[in-house]
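The following note sets out several points for a colleague who is examining this structure. Each point is meant to be read alongside the displayed coordinates.

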Amino acid sequence: MNEGSIPLPITTVVDGRTWRLFDVLYSTADGEFSTYIYALSFEHAALLVEELRQTARLGGQIEGWVKA
């Protein structure tokens, strides 16, 4: 693992349901970027991305993380 990276599991189980990691691609004036979300299926991920488009807001800069 690289210094300063945040590990993301490919899947996680919540309330007995398997959530899978999906990448989300987007473009800005500065270039192409990506982020990640967890969803139950491709269709669910598409719905979440649509919700992100409508409700996204900046939370703040991440300074680090602590392994749970």
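**Notes on an aromatic pair and a surface patch**

1. Phe42 counts as exposed because its relative accessibility is 61%, and the cut-off for that class is over 50%. The model is a predicted one, and the values discussed here should be read accordingly.

2. Under the ring-pairing rule, there are 2 aromatic pairs. One of them is formed by Phe22 and Phe42, whose ring centres are 6.5 Å apart and whose planes meet at 65 degrees, an edge-to-face arrangement. This pair connects distant parts of the chain: Phe22 belongs to strand β2 (residues 17-28) and Phe42 to helix α1, with their positions 20 residues apart.

3. The strand that carries Phe22 deserves a separate remark. Strands β2 and β3 (residues 31-39) run antiparallel and are joined by 9 bridges. A hairpin of 2 residues makes the connection from β2 to β3. Within β3, Ile37 is the bridge partner of Phe22.

4. Which residues form the nonpolar patch on the surface? The patch consists of Ile6, Leu8, Tyr36, Ile62 and Trp65, and together these residues have about 530 Å² of accessible area.

5. Ile62, a member of that patch, is located in the segment that follows α1 (42-55). Is Ile62 buried or exposed? Ile62 counts as exposed because its relative accessibility is 63%, against the cut-off of over 50%.

Key: Residues numbered from 1 in each chain as written. Predicted model: local features only at pLDDT ≥ 70, side-chain atom pairs only at ≥ 80, totals over all residues. Heavy atoms only, no water. Patch = residues over 30% accessible without salt bridge, like charges linked within 9 Å, V, L, I, M, F, W, Y side chains within 5 Å. Areas by Shrake-Rupley, 256 points an atom, 1.4 Å probe, with all protein chains shown as cover. Salt bridge = Lys/Arg side-chain N within 4 Å of Asp/Glu carboxyl O. Helix = DSSP H or I, 4+ residues; strand = E, 2+ residues; numbered from the N terminus. Buried < 20%, exposed > 50% of the residue type's maximum accessible area, 1.4 Å probe, protein only. Phe/Tyr/Trp six-rings, centres within 6.5 Å; stacked < 30°, edge-to-face > 60°. Pairing = 2+ DSSP bridges.
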